[in-house]
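Hi everyone, thanks for coming. I'd like to walk you through one model today, so please have a look at it on the screen while I talk.

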Amino acid sequence: MTSLQQNYREVCAKILEAEAAAHRENGSVHLVAVSKTFPADDIREVYAAGARDFGENYIQEWYGKTEELADLPDIVWHMIGDVQSNKTRFVAERAHWVHTVSRLKTARRLSEQRPSEMPPLQVCIEVNIAGEPGKHGVAPEEAVALACETAKLPRLQVRGFMCVAEADAGAEALHNQFTRMKQLLADLNAAGVAADVLSMGMSADMEAAIACGATHVRVGSAIFGKRDYSDK
């Protein structure tokens with residue numbers, strides 16, 4: 001077993017522990033292995049350990065990986081970085097999930113460019129849950145309305161909400177942010193959109209997110225190691 005595979009299995013074990021601590025069903029939380037900045041060979045290693053869901057941020061880098069890993073037919077690609085309107089076509093054609101929809105214009109382009117022979121693109125509305133300047137995402141008070149409008153578009157399926165919690169937030173602040181996300185999901189369902197996904201929690205705060213109802217955690221450094229952003 002390689003070190004990356006060992007890391008992956010340790011993260012899976014921590015998720016199981018967090019589920020049990022939160023009195024949640026075993027397997028109710030899905031792990032998205034965040035592979036941005038890491039090479040295709042690293043993804044292959046983690047894939048061989050059982051991972052199928054991988055998160056990417058940088059579209060040009062991701063394009064190369066989809067070509068190198070085209071022989072892995074059941075790999076599931078999650079776009080977890082901001083998708084600019086002029087870069088939606090490739091995402092619409094090759095992604096399975098987009099966690100970062102925060103503009104109706106982007107959602108419309110994804111819908112228009114999703115090939116008709118493919119299943120609907122699974123999307124989450126990104127919420128700037130702590131109202132941090134410079135961070136992507138829609139304001140919490142606007143999230144349900146945007147989700148409802150996005151749900152009207154063909155070729156997309158709105159699954160719920162995504163957030164990146166405030167960096168270095170204390171336990172109480174994290175709890176409040178993640179709990180508000182859970183309430184937004186309940187509000188969306190009450191508004192008539194059947195949604196079941198809360199994409200929240202990363203390497204440092206996934207246990208807190210799971211305790212508050214996360215269904216998808218996005219973990220990178222705990223699996224792949226420290227990132228080098230020098231080329232980004």
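I'll go through the record, then the pockets, then the core, and finish with a few single residues.

One thing to keep in mind is that this is a predicted model. Let me start with what UniProt says. An unreviewed UniProt entry places the feature "domain: Alanine racemase N-terminal" at residues 26–227. In the model, that span is 39% helix and 20% strand, and its end C-alpha atoms lie 30 Å apart. The unreviewed entry also gives a "modified residue: N6-(pyridoxal phosphate)lysine" at Lys36. Please remember Lys36, as we'll meet that residue again in a moment.

Now, the pockets. How much space lies in the largest pocket? About 630 Å³. There are 29 residues lining the largest pocket, and the closest to its centre are Lys36, Asn57, Val164, Met202 and Arg218. So the lysine that carries the UniProt annotation is among the residues closest to the centre of this pocket, by the computed lining. For those of you thinking about chemistry, the lining divides into 13 nonpolar, 7 polar and 9 charged residues.

Let's look at two of these central residues. Where is Lys36 found? Lys36 sits in the loop between S1 and helix H2, which covers 40–48. Is Lys36 buried or exposed? Lys36 counts as buried, because its relative accessibility is 14% and the cut-off for buried is under 20%. Asn57 is also in a loop, the one between strand S2 (53–56) and helix H3 (59–68). Asn57 has a relative accessible area of 17%, so it is buried. Setting aside residues up to four places away in sequence, Asn57 touches Lys36, Met79, Ile80 and Gly81. That list includes our annotated lysine, Lys36.

On to the second largest pocket, which holds about 320 Å³ of space. Its lining has 19 residues, and Gly27, Val29, His30, Leu31 and Asp53 lie nearest its centre. Helix H1 (3–21) and strand S1 (30–34) each supply at least two residues of that lining. Which of the elements gives the largest share? That is H1, with 5 residues. By class, we have 9 nonpolar, 6 polar and 4 charged residues here.

Next, the inside of the protein. The largest nonpolar core has 69 residues, and Phe54 and Phe161 have the most contacts inside it. Helix H7, residues 171–190, gives the most to this core, with 6 residues. Apart from it lies another core, of 5 residues, including Val76, Trp97, Cys124 and Val197.

What surrounds Phe54? Beyond its neighbours within four places in sequence, Phe54 is in contact with Val32, Ala33, Ser35, Ile43, Val46, Tyr47, Ile75, Val76, Trp77, His78 and Phe224.

Helix H5, residues 104–113, is worth a look too. The buried residues of H5 are Thr106, Ala107, Leu110, Ser111 and Gln113. Their cover includes helix H4 (88–94), strand S4 (97–101), strand S5 (121–127), helix H6 (140–151) and strand S6 (156–163).

Another residue to click on is Val217, in strand S8, residues 216–219. Val217 is buried, with a relative accessible area of 0%. Leaving out neighbours within four places in sequence, Val217 is in contact with Ile15, Val29, His30, Leu31, Val32, Met200, Gly201, Met206 and Ile210. Val217 and Val164 are 53 residues apart along the chain, with 10 Å between their C-alpha atoms. For contrast, take Glu68 and Ala186, which are 118 residues apart in sequence and 40 Å apart in space, C-alpha to C-alpha. Glu68 is in helix H3 and, beyond its neighbours within four places in sequence, is in contact with Ala40 and Arg44.

Finally, some backbone angles for you to check. His23 is not a glycine, yet its phi is positive, near 55°. His23 sits in the loop between H1 and S1, and is exposed, with a relative accessible area of 75%. Arg155, also not a glycine, has a positive phi of about 70°. Arg155 is in the loop between H6 and S6, and counts as partly exposed, with a relative accessible area of 25%.

That's my tour, and I'm happy to take questions.

Key:
Residues numbered from 1 in each chain as written. Predicted model: local features only at pLDDT ≥ 70, side-chain atom pairs only at ≥ 80, totals over all residues. Heavy atoms only, no water. 1 Å grid on protein atoms, 1.4 Å probe; cavity = no way out; pocket = protein on both sides within 12 Å on 5 of 7 lines; lining within 4 Å. Points joined across faces, edges and corners; volume = space filled by probe spheres on them. Nonpolar A, V, L, I, M, F, W, Y, C, P; charged D, E, K, R; others polar. Helix = DSSP H or I, 4+ residues; strand = E, 2+ residues; numbered from the N terminus. Core = buried A, V, L, I, M, F, W, Y, C linked by side-chain atoms within 4.5 Å. Buried < 20%, exposed > 50% of the residue type's maximum accessible area, 1.4 Å probe, protein only. Contact = heavy atoms within 4.5 Å. UniProt positions renumbered as here; feature names shortened; annotations may be inferred.
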